[in-house]
Structures are given as structure tokens and as C-alpha cells.
Amino acid sequence: MEEKTILKKPYLPVDVLELIMKRLPLKDYLRLRAICRSCRKIVSNIIENKHCCPLPELPSLSTKSLHRVRTPLLRDNTCIGSVDGWLIVSDNSEKGFAKIFFLNPVTDVRITIPSKLHLPSIVGQSISYVTKLTASSKPNCDGSDCYLAGLFSDYCHIAIYKLFEKSWTIVESDKDSGTYFTDIEIIGTKLYVIGSLSDSILVYDLKDSTNAPRKAEVLAELPRAPAGSSIHSSFLAKDKMLRELYLISVFYNGEIDTEQHISDRFNVVSSFVKPPKLTSFEVFKLDTNKSPIGWQNVKLEDKVAFVSNWKSMVLARDELNYSEELVRGNSIYFAITFPCPKINPPTSLEFGMFCLNDSSIKYFPEETSKHGDVPCPLWFVPSLW
């Protein structure tokens, strides 16, 4: 269509365009903005003034192109977390430090953390690195405090940061008691941590993190795996709207090739002989209303879970602008990688959907690059802001 037939009166006034945009998903906003120069200006003004909000989006699985942000100055960037529509990216180009920034892949807006994160050394080994970052809210929120927490590769340290503070706070685990950190999530001002081998969920009060947080409180024991069950991994996920914490256990069968020795009582699987196969999932919700606080084995009912190594979330179906065929309630969408260095490619991506109603698994075609690399899986919800 010609430019004048779209935007100039009496053809399509701006207020009518706003009414139309309120019924469109994000991808159509971007298509509408790309029609012509005038469209780009007017649609961009509507977006900037937040006169319209796109329909809810289905979480997207980030690709390798989003994990490697290519600029002349930053050549070693890795996406290791997300919050709402923002990716959390680590630039590891400077030895011994990580420079963290938020990136909105839809608008290309960046917000850089002013303080570098010092990477603690692993005794007898090289310097550790950040394996996962989580945040309490997106960085341009409504003025409320934004906290970040990072999990290190040595399983012994967590980094805590309040946005725009001068420095990060490093918390070390109590190794004497057999506690190692394996996953993290933030809800409000509480940092929840899976502690192994103490087999418990720990909680830190982030409001006390500026001068080193108080010792973690043991909130509840982790649910016990069924007797005779296969290998399993546990991921923390949150329902942001209801501020509820979930624990999602993934069970799989596979032949272990090597294990990383962390301590006399704690080993982590380093690689598999061949890609393991997922067998089942269990979902637990933290119940803070009963005493003592504990986990409740639940069905998701009208909710959907999205699970991956770097970001997991639980959403209500009415938050998603998709048909029942595409998004079924009581289901788990998973994108989990397993290291398999003896095969090509050396990383296996298990990508599909598990139905909690009948325990069925539907696998999706995995996305690979031309070199056969499997991208690191990360769920995020595309957003303009």
C-alpha cells in the first residue's frame, strides 16, 4: 500500500492505528513499523509513549545468534539468563572479570552494569566463570529495586548485585556442611538457592546483601526422588504474576562418561557417552502456608512450564496469545542440553513438550548452525520495553 493510504487522514488516523495495534502481537508491531518511513516514525512514537501494549507472546527459545552478540568491541559475549523481554549477557573478554549487561533483542537497547564482576579462582584450577544469572525484574522497571544473582561454575560461590550499586557481593557456600549451589531464582527480595548435598532450599534476604548478606536460612528440604528412579536434575522456576516458586525435576536415562569431582561427597556429571533420553518430569510448588514449609507435588492445570538450563518459568495459559492446540495446559516445554564430547555435535539438545496428563513426550526439530553446533537453550518473552 502507498504510504499516504495508510497513515494520512482521512484514510487511517493515528488513534485508529492505536486501536488496531492493541489487537496485534509484537511481531506485527515490527512488521507495521517496517512498511515505510512514516509508519516507522508514527509506530515508534506510539511504542515509545506506551499508548499500546502488544498481545501476550509465547516464550521464545533463543538461538546461537542471540548468545553471541557480535560487535567490534565485544567478541566473547554469552547469554546466561533472561528476565521478561531482556537477555542477561556476560562479556568474558577481560581475564578474571565479567562485564554484565542487559540486552533487549527486539529493540537492541543495552543497559550496562557499571561494576565489573570479579571471578573467584578455583583451587588448583583456572578461574571460574558465571554459569547462570537471574534478576528480580527487568532493568527499566517502575523504580523498584532490581537485584541480580549469579551462579559460578565452582558450585561454591554466588554473586549478588543491586542495580547501579558500586560493587558485587560474593557469597561462599558452607562446604564443611556439604552444601554446594546448583541453581538459583529470585522472587522479590528473596534469593532461593538449591543446596546440595544438604538437599535443601536455602533463602537469602537480598536487602541485607550490601554489607555481605546474613547466613542463608534453610527453608525446606528438597523432595525425595522416587526409589529406583533414573538420573535426575532439578530446576527452579517462578510464576512471576503470583510470586510462587516451583521446583521441576527432570528424569532421564543415560550412560555417564565422566564426572567432575567437586568434593569427597559431591560429583557433577561432566559428560555422557551418548545423548540421554528424558523419561519423565515432576513438578513441585513451595508451600509457605504450612508448618514446616515444604514442597507440594502439583499438576500445572491451566499453567505451562518452560524449562531450560539457563532460564525456567511458569506461566498461566491466559497470559499467552496462542490457541489451545499450540499451548496445552499442564504441559512442560523443555530445551535441555547434555555434554557428549565423543559424538558430533558434542552437545545434545533435548527439545520438546512433556504432557503431565498422560506422561507423553513430543520432540521438536532441534535448531543447529551450519557447523552442527547446538545453541545453548534459553527461554525469554519478547518485549518492547
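Buried residues account for 49% of the 385 residues in the chain. The model is predicted, and its chain contains five helices and 26 strands. Two open sheets of four strands and one hairpin are described below.

**Chain as a whole**
- The accessible surface of the chain is about 19,600 Å², and carbon and sulfur atoms contribute 50% of that surface.
- Of the contacts in the chain between residues at least 6 apart in sequence, 53% link residues at least 24 apart.

**Sheet β7-β8-β9-β10**
- This open sheet consists of four strands in the order β7-β8-β9-β10, and their pairing is antiparallel.
- Its edge strands are β7 (130–135) and β10 (169–172), each of which pairs on one side only.
- On average, neighbouring strands here are turned by 20° against each other, direction ignored.
- Strand β7 pairs with strand β8 (residues 147–152) in the antiparallel sense, over five bridges.
- The bridge partner of L133 is G150, which lies in β8.

**Sheet β11-β12-β13-β14**
- Another open sheet of four strands runs in the order β11-β12-β13-β14, with antiparallel pairing.
- Strands β11 (180–187) and β14 (217–221) are at the edges with a single partner strand each, so one side of each has no neighbour in the sheet.
- Neighbouring strands of the sheet β11-β12-β13-β14 are turned against each other by 30° on average, direction ignored.
- The edge strand β14 has β13 (residues 200–205) as an antiparallel partner, and the two are joined over four bridges.
- Within this pair, L202 stands opposite V218 of β14.
- In a regular strand, side chains alternate between the two faces of the sheet.

**Hairpin β19-β20**
- Strand β19 covers residues 277–287 and strand β20 covers residues 294–297.
- The two strands pair in the antiparallel sense over four bridges.
- Six residues lie between β19 and β20, and the two strands form a hairpin.
- D287 of the β19 range stands opposite G294 in β20.

Conventions: Residues are numbered from 1 along each chain as its sequence is written. This is a predicted model: local features need pLDDT of at least 70, side-chain atom pairs count only at pLDDT 80 or more; totals for chains, interfaces and linings use all residues. Side-chain values use heavy atoms; hydrogens and water are left out. Two strands pair if DSSP finds at least two bridges between them. Axes are lines fitted to C-alpha atoms, for helices over the stretch in contact, and angles run from 0 to 180 degrees between N-to-C directions. Buried means under 20% relative accessible area, exposed over 50%, partly exposed in between (1.4 Å probe, protein chains only). Contact means heavy atoms within 4.5 Å. Accessible areas come from the Shrake-Rupley method with a 1.4 Å probe; for residues, only the protein chains shown count as cover.
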